[in-house]
Structure formats: structure tokens, C-alpha cells
Amino acid sequence: MKKIETIAVAGLGAIGAAYASKLYDINPQSVKFIANQERAERYRRTGFTINGKPYDFNYVQPEEKGMPVDMIIVAVKFHDLPQVIEDIRNYVEKDTMILSLLNGISSEEILGSVYGMEKMLYGSCVGIDAVREGSVISYTNIGKINFGEKQNATLSSRVEVVKELFDQAGIPYHIPEDMLRTLWWKYALNVGVNQVSAVLKAPYGVFHEMEDARELMKMAMEEVLILSQKEGVNLKPEDMEEFFKILNTLAPEGKTSMLQDVEAGRKTEVEMLAGTVMNLGKKHGVKTPVNDMLFRMIRVLEEMNQER
Ligand SMILES: NC(=O)C1=CN([C@@H]2O[C@H](COP(=O)(O)OP(=O)(O)OC[C@H]3O[C@@H](n4cnc5c(N)ncnc54)[C@H](OP(=O)(O)O)[C@@H]3O)[C@@H](O)[C@H]2O)C=CC1
Ligand SMILES: CC(C)(CO)C(=O)C(=O)O
């Protein structure tokens, strides 16, 4: 597998901006950002500020042809995935790798069903506390990108070249042996902390200090643990201790991506979080009352935002 020389990024929010700016720092010419005309104009007008440093990125339009890349990084919210699948089309060729950084357990399969699973790398970020306010992005902890093939007992040449790129850019990463389990582990964390934080309007500090907040989070996550066993992924109660260790590293004033969405009046990823739990619950005949309630509460918050 040849060295990665060209990269396209779809999604310049908290996650895309935090990680892709590190790739841009090592070689600005190698990274392009796919953005439709409205976005590109808005981004050119305001520029980006990432942890206090100004950036003027290179934008390319989805319609442009003849510029396929070695790797595409997808970092949008789950409900924007269908549009992104269309927008990246002209940048994909035979050997292009696609790395999805979305939370959840299904974005890789969704992208792979269109472009072929052989193009996909599994990914998720953990321990990052990035906050986006317009085009100003700040974070205290960059966390790390967990990535790889579905199984990584031995590293594939695709994983090796991405590893080399991340080493060069100083992007912290980990290559877990079982990426599917890692996605589920992160999913359980998000089902707990993202949804409960959105309902309570609670930054991470509340979860550091208040046992009741942590208990609510656990109640939502326990439903994922049960479903993971039904799906053969087998998350264990001990895994929850790992979740809390990560949570304790995040800045007390930091906010989950879902709380940021609610506060900014944006659509949330509730269908991908509680919605998936509810669907899996139906599939396996398992009751999911905590997620049923969170689902409705978050949908109400979204509707209230629309009426404002
Ligand atoms: N924030 C966090 O701390 C973490 C987030 N995640 C996950 O990472 C994913 C991304 O989250 P996050 O970065 O917070 O999301 P943000 O909402 O901050 O950013 C998403 C970005 O995607 C852009 N976008 C949407 N559609 C397109 C498109 N078709 N083409 C190009 N850009 C597009 C949006 O543009 P516009 O400027 O128009 O809004 C926005 O800038 C989510 O799945 C989230 O759950 C994972 C770990 C931590
Ligand atoms: C784990 C957490 C809460 C922060 O990295 C996250 O994934 C999110 O905000 O979506």
C-alpha cells in the first residue's frame, strides 16, 4: 500500500476540525475539505479558529471531478451521512480508504454498502472534549482515534499507512484488536453520557461530581450491555469502569456533542443512540424503558428548539 499523500475531509465540526487541522499542519496541500458552495463561502468568510490558531482551509465542491484521494475522513453527524455519501463520490477511486469517525455502530456498514466494505476502515474517537461554537473550535484533550480493520490481530498494510500518517501528524491513536467491540464500547458510553447530559443540560463536571447523574448514565448504558450480549459483542459490567475513567479525564466545563446540539438548536443524533437501542430491543425481545424515555425527551427538546 502506498503512502497517503492526498486526504479529503467531510465535516469540519468539533471532531473534523480538531483532527484534520493536525494533518493540515504537516502538509496544507495534501488536505482538502469537501464543502458545498454555501458552506465553503461561509467558511471562507469566517475562517476557522482551532484552539486559538487561525486556519484558512482549502475547500473543494462535491461536483468537482478528477481529484480522487488516498483517504477520506468522514466526521459529520449521523443524519448528515446520506448527503455525505453523495458528496464524497467524486473523490473515491479503487484504492481510496474511507475512515469514519462518527459515533455509533453502523456508519461503516452504511458507507461500505455504497462504496464496498474493502474501502472502509473502522474508527471512533475517544477522550476528546472538543466544543464547537460556529467556526471556533476548542478542546483541552485531543483524546485518540481508535481505528483499524474490523479485526487487527495482525496489522494490514492499509492500517500501517494510516498509522504512519497519524505518527507524522502527532494524532494520538490506538489500534484495538477487535474494532467492532470498540465501536460498541464507545456506543454504550454515548448512549449514557450524551443523552443524559442533553436532558440534564449537564457539562462533564456534573458527571464527575454527582452520583445520581452517573447512575442515570449507567441505567441507559446497561440496556446496551444486555443488547451487546444478544448481538455476540459481549460488553461486560467491568467495561463501565473504563467508561468512567475516560469521563473523568474530560474538562469539567466541556459538553457532549449532543448537549452542544441541543444548546445550538440543531438536530441531535438521538435516532442513532436511543433509536438504535429501541430497534435492537425489539429485534431481541428485550425491554429498553430507559432509552424509550430518553428518546422521547430528546425528541421533545428538538421540537421545542424548532418552535423557538
Ligand atoms: N464533539 C465531540 O466531542 C465528539 C463527537 N463525536 C462524533 O463525531 C461525529 C461528528 O461530531 P462533531 O464534530 O461534534 O459534529 P459537529 O456538529 O460539530 O460538526 C459536523 C460538521 O459537519 C458538517 N457537515 C454536515 N454535512 C456536511 C456535508 N454534506 N459536507 C460537508 N460537511 C458537512 C457541518 O457543517 P455546518 O458547518 O454546515 O454545520 C459541521 O461543521 C458525530 O458522530 C459525533 O457523535 C465523537 C467523539 C466526540
Ligand atoms: C465521549 C464523548 C462524550 C466525548 O468524547 C463523545 O463521544 C461525544 O461528545 O459525542
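Reader: How far apart do the C-alpha centres of domain 1 and domain 2 lie?

Author: Centre-to-centre distance is one way to start on a two-domain chain. In this predicted model, the C-alpha centres of domain 1 and domain 2 are 24 Å apart. The domain assignment puts domain 1 at 7-177 and domain 2 at 180-307.

Reader: And how many residues does each domain bring to the contact?

Author: People often describe an interface by the accessible area lost when the parts come together. Here we can go by residues: 19 from domain 1 and 19 from domain 2 take part in the contact.

Reader: Which elements give two or more residues to the side of domain 1 that touches domain 2?

Author: Look at strand E8 (120-128) and strand E9 (131-133). E8 supplies the largest share of that side, with four residues. By class, the side of domain 1 that touches domain 2 has seven nonpolar, eight polar and four charged residues.

Reader: Let's move to the core. Which residues have the most contacts inside the largest one?

Author: General idea first: in soluble globular proteins, nonpolar side chains tend to be buried together. In this structure, the largest nonpolar core has 93 residues, and Val9, Ala10, Ala18, Ile72, Ile73, Val74 and Ala188 have the most contacts inside it. Helix H6 (residues 179-200) contributes the largest share of this core, 11 residues. Both domains are represented: the core takes at least three residues from each of domain 1 and domain 2.

Reader: Take Ala188, then. What is Ala188 in contact with, leaving aside neighbours within four places in sequence?

Author: Met221, Val224, Leu225, Leu235 and Phe243 are the contacts of Ala188 once those neighbours are set aside.

Reader: Now the ligands. Which residues surround ligand 2?

Author: A shell can be read by its residues, their classes and where they come from. Around ligand 2 you'll find Asn103, Ile128, Asp129, Leu189, Asn190, Val193, Asn194, Thr256 and Ser257. That splits into three nonpolar, five polar and one charged. H6 turns up again, giving the most to this shell with four residues. Domain 1 and domain 2 each provide at least three residues of the shell around ligand 2.

Reader: Same treatment for ligand 1, please: which residues come nearest?

Author: Of the 27 residues around ligand 1, Gly11, Gly13, Ile15, Asn103 and Ser257 come nearest. Helix H1 (14-26), helix H3 (81-87) and E8 are the elements that give two or more residues to that shell. Sorted by class, the shell around ligand 1 has 15 nonpolar, six polar and six charged residues.

Methods
Residues numbered from 1 in each chain as written. Chains lettered and ligands numbered in written order. Predicted model: local features only at pLDDT ≥ 70, side-chain atom pairs only at ≥ 80, totals over all residues. Core = buried A, V, L, I, M, F, W, Y, C linked by C-beta atoms within 7 Å. Buried ≥ 20, exposed ≤ 12 C-beta atoms within 10 Å, placed from the backbone. Domains from an automatic or database assignment. Contact = placed C-beta atoms within 7 Å. Near = placed C-beta within 6 Å. Nonpolar A, V, L, I, M, F, W, Y, C, P; charged D, E, K, R; others polar.
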